[in-house]
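This briefing covers one helix pair and one residue in the structure shown below.

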Amino acid sequence: MRILGLDVGSKTIGVAVSDPLGYTAQGITTIRRTNRGKDIEEIKKIRDEYNAEVIVIGLPKNMNGTIGSSGEIIMAFGKLIEEELKIEIKFWDERLTTVAAHKAMLEADLSRSKRKKIVDKVASTYILQGYLDMISR
């Protein structure tokens, strides 16, 4: 069973996919956001290509664990995806995933322009891998 991971931002959506056994996450693309309909259509294409059965979406929380306005927006978008694609949606606490992604790319000595292009894809990989590690326990 494959699982998709999404890092949903205001301008882009980072996308990762699990291996068929659900052990590892691999970043696959970054979707440039245009409007909700087209965004969901892009997610549907990827879901269909990989036969994903679950989508894990990074949920931005405040550092104290509460859900703020951006978290509510993400939850509403997740609900829309669930209704449109008829797929199970899970939310995963994404606090510090973008920080971890930037740190990993700095350690890999990637240029600022390369980091900017792939940070959402890398963050989606961290989100999905966290979820995969949790369900494998």
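**Thr 125 and the α1/α2 pair**

The side chain of Thr 125 reaches the backbone oxygen of Lys 121 at 3.0 Å, a polar contact (a pair of N or O atoms within 3.5 Å; within protein, one must be able to donate a hydrogen and the other to accept it, and residues adjacent in sequence count only if both atoms are side-chain atoms). This is a predicted model, in which local features need pLDDT of at least 70, side-chain atom pairs count only at pLDDT 80 or more, and totals for chains, interfaces and linings use all residues. Residues are numbered from 1 along each chain as its sequence is written, and side-chain values use heavy atoms, with hydrogens and water left out.

Thr 125

- Thr 125 belongs to helix α4 (residues 112-136).
- A polar atom of the Thr 125 side chain lies 3.1 Å from the backbone nitrogen of Gly 27.
- Thr 125 counts as buried because its relative accessibility is 18% (buried means under 20% relative accessible area, with a 1.4 Å probe and protein chains only).
- Leaving aside residues up to four places away in sequence, Thr 125 touches Ala 16, Ala 25, Gln 26 and Gly 27 (contact means heavy atoms within 4.5 Å).

Helices α1 and α2

- The axes of α1 (residues 36-50) and α2 (residues 69-85) come within 11 Å and cross at roughly 60°.
- The contact involves Arg 36, Asp 39, Ile 40, Ile 43, Lys 44 and Arg 47 of α1, and Phe 77, Leu 80, Ile 81, Glu 84 and Leu 85 of α2.
- By class, this contact has six nonpolar, no polar and five charged residues.

Definitions and conventions:
Axes fitted to C-alpha atoms, helices over the stretch in contact; angles between N-to-C directions. Helix = DSSP H or I, 4+ residues; strand = E, 2+ residues; numbered from the N terminus. Nonpolar A, V, L, I, M, F, W, Y, C, P; charged D, E, K, R; others polar. Buried < 20%, exposed > 50% of the residue type's maximum accessible area, 1.4 Å probe, protein only.
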